[in-house]
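Me: I'd like to go through some of the labels people put on a model like this and ask what earns each one. Can you set the values against the cut-offs for me?

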Amino acid sequence: MAAPVELSVSNICWPDTITANQRRIAHQKAIDMLVQLDVPAIDVAPTKAWPRILSSGPQAIDKQDVSEYVDTLRGRKIAGFQALTYQIPGEIFGDKEGRDTLKTHIRGIIDLAQLAGVRTIIYGSPNTRALPKNRARSEMQAMAADFFDKLGGYATKHDVILGIEPVSRLYVENGFGRSGSEVDSFLSALNNPEGSSAHNPVLVPDRFAMQDSGENIFKTITRAAEGGRLASHWQVSEKGMALVGSKTHENHRAFARALGHIVSGKKMFKMITLAIEMMPDKNQPLDKNIKDIERAVRFVRTHYPVN
């Protein structure tokens, strides 16, 4: 029997408006739409759910804060955290202070994920992943290994999965992990029994980044799956975070085929989450943005093996 695929919609899909009351209304209307469409889960950008993180850090969010937010979801579960480092300074390949700032913040996000019962956190964060031109590749690989090994270990201890998604050159011209294949090769070396890590971060497939890299999506995903490096959380997106389904439908076929292969093959996962990731059009009224969420959900249900 094939593993089921649950649909999730990221909370970055609806407007992040100026006032607290406007944000509440936008959130409520979006959740109302997800309830109508019977979408069972959402992905959460932590700073959008709990803006206090920006001033006080993730450690400022307590169990009551989490409970109050979950109550607004009307039965939707939080499938994953994304946009983990929004407005947080520091780079993986920058100075020690910046790296330490990032590590401290991500450890706080892992603590929050455990508190909220969130299984997977997804490291995208293109602004933190620029590769310096004046450093040897071996040095940068070692820095990335140290960064993700330590965070992966911390996540494992807190029953959280650290996922790394590829990042398109559209968002960072020369970045670490520009394709799923690059991320998987890094993870293969990191997780090698002869290497330093047993903490096993995993590859989170992202449709647009993998298409943009020109890689063989099916081959990359099956290779990661065979090596135990594939996340049970995938992201479907378009160029520029546009409305999902607004581009050529052909571009989704390889990703959908890979997903179908994974869920119908050996039972590696109890469930896979497919998350819709897009940005609202700031020039549109709220109701039009909410309607776009409905369009994206219907598109994904038509073109992917998802309920």
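Reply: Sure. Take Arg298: its relative accessibility is 48%, so it counts as partly exposed, since over 50% would be needed for exposed and under 20% for buried. Bear in mind that this is a predicted model.

Me: What makes Glu294 count as buried?

Reply: Its relative accessibility is 12%, and buried means under 20%, so Glu294 gets the label.

Me: How do you know that Glu294 and Arg298 meet in a salt bridge?

Reply: The N to O distance is 2.9 Å, and the cut-off is within 4 Å, so the pair qualifies. As for the spacing, Glu294 and Arg298 are 4 residues apart in helix α11, so about one helical turn separates them.

Me: What makes Asp292 and Arg295 a salt bridge?

Reply: Here the N to O distance is 3.4 Å, and the limit is 4 Å, so this one passes too. Both residues sit in helix α11 (residues 286-303), 3 residues apart, which means a separation of about one helical turn. Asp292 is buried at 8% relative accessible area, while Arg295 is partly exposed at 45%.

Me: Which salt bridge links distant parts of the chain?

Reply: Arg223 with Asp184, at 2.5 Å from N to O. Arg223 belongs to helix α9 (residues 217-226) and Asp184 to helix α7, 39 residues apart. Arg223 is partly exposed, with a relative accessible area of 36%, whereas Asp184 is buried at 0%. The structure holds 17 salt bridges, and a network of them links Lys103, Asp146 and Lys150.

Me: On to the rings. Why is the pair of Trp50 and Phe81 called edge-to-face?

Reply: A search of the whole structure finds 12 aromatic pairs, and this is one of them: the centres are 6.2 Å apart and the planes make an angle of 75 degrees. Centres within 6.5 Å make a pair and an angle over 60 degrees makes it edge-to-face, so both tests are met. The two rings come from distant parts of the chain, Trp50 from the loop between α2 (46-49) and α3 (53-56) and Phe81 from strand β3, 31 residues apart. Trp50 is buried at 6% relative accessible area, and Phe81 is buried at 0%.

Me: And why is the pair of Phe148 and Phe176 called stacked?

Reply: The ring centres are 5.9 Å apart and the planes are at 20 degrees. That angle is under 30 degrees, so the pair counts as stacked. Phe148 lies in helix α6 and Phe176 in the loop between β5 and α7 (180-190), 28 residues apart. Both are buried, and ring pairs link them with Phe93, Tyr123, Phe147 and Phe186 into a cluster.

Me: How do you know that Arg257 lies over the face of Phe218?

Reply: Arg257 is 4.0 Å from the ring centre, and the distance limit is 6 Å. There is an angle test as well, within 35 degrees of the ring normal.

Me: Last one: what makes β4 and β5 a strand pair?

Reply: They are joined by 4 bridges in the parallel sense, and at least two are needed, so they pair. Ile122 stands opposite Gly163 in β5. On the other pairing, β3 runs parallel to β4 with 2 bridges, and Phe81 stands opposite Ile121. Within β4, Thr120 and Ile122 point one way and Ile121 and Tyr123 the other.

Technical notes:
Residues numbered from 1 in each chain as written. Predicted model: local features only at pLDDT ≥ 70, side-chain atom pairs only at ≥ 80, totals over all residues. Heavy atoms only, no water. Buried < 20%, exposed > 50% of the residue type's maximum accessible area, 1.4 Å probe, protein only. Phe/Tyr/Trp six-rings, centres within 6.5 Å; stacked < 30°, edge-to-face > 60°. Salt bridge = Lys/Arg side-chain N within 4 Å of Asp/Glu carboxyl O.
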